[in-house]
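Let's take a walk through a protein together, one step at a time. Have the sequence and the 3D view ready, and pause whenever you want to find a residue for yourself.

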Amino acid sequence: LSDCLACDNCMTSEEGARVFQQNQKELFRVLNLNKKCDTSKHKVLAVSICPQSLPYFAAKFNLSVNDAAKRLCGFLKSLGVHYVFDTTIAADFSILESQREFVQRYQRRNQEEDALPMFASACPG
């Protein structure tokens, strides 16, 4: 979140509360609780990794992007994380949905004044 522009356009207050809960301190608190309690009472931890972060790790540790992904996944699981997901597929779905919306807007550009322009973005944070 350190790169977030804090424009507040990407989330509601409910989502903001969820993002606030997703921080390093909370992660380590849950990891420590999971180590101390019965496995039936563990909180399930899932981590999502965006594809843009992997080249940074790869360059930092002189690895290929695939090796960086494998090592990062292994490291997170060694900490006690249950699931590690790559968010690439979500980005693909987002692009497909933006494409669908643009085609619809383009087709009705003569009937609706506000059909175009269409703005789309991916948060730089």
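A residue is called buried when its relative accessible area is under 20%, exposed when it is over 50%, and partly exposed in between. Keep in mind that what you see is a predicted model.

With those cut-offs, try Glu97: its relative accessible area is 39%, so Glu97 is partly exposed. Its partner is Arg100, and the two side chains meet in a salt bridge, with N and O 2.3 Å apart. Arg100 also counts as partly exposed, because its relative accessibility is 39%. Where do Arg100 and Glu97 lie? Both belong to helix α5, which covers residues 88–107, and they sit 3 residues apart, about one turn of the helix. This spacing has a simple background: an α-helix has 3.6 residues a turn, so residues three or four places apart point the same way.

You can find a similar arrangement in helix α2, residues 24–36, where Arg29 and Glu26 are 3 residues apart and therefore separated by about one helical turn. These two form a salt bridge as well, and their closest N and O atoms are 2.8 Å apart. Arg29, at 39% relative accessibility, counts as partly exposed, and so does Glu26, at 26%.

Another salt bridge joins Arg108 to Glu112, with 3.1 Å between the closest N and O atoms. Arg108 is partly exposed at 28% relative accessibility, and Glu112 is partly exposed at 32%. How many salt bridges are there in total? The count comes to 4.

Now turn to helix α4, residues 65–79. At 1.5 Å a residue, its 15 residues should span 21 Å, and the C-alpha atoms at its ends are indeed 21 Å apart, so the two values agree. Which residues of α4 are buried? They are Ala68, Leu72 and Leu76. Around the helix axis they cover an arc of only 60 degrees, which means that they are on the same side of α4.

What do these buried residues pack against? Their neighbours are β1 (46–49), α3 (54–60) and β2 (83–86). On the face of α4 turned away from the buried side, you will find the exposed residues Asn66, Lys70, Arg71 and Ser78. Finally, follow the chain just past α4 to Gly80, which takes a positive phi of about 120 degrees.

Terms used:
Residues numbered from 1 in each chain as written. Predicted model: local features only at pLDDT ≥ 70, side-chain atom pairs only at ≥ 80, totals over all residues. Heavy atoms only, no water. Helix = DSSP H or I, 4+ residues; strand = E, 2+ residues; numbered from the N terminus. Expected span 1.5 Å × (residues − 1). Buried < 20%, exposed > 50% of the residue type's maximum accessible area, 1.4 Å probe, protein only. Arc of directions from axis to C-beta. Contact = heavy atoms within 4.5 Å.
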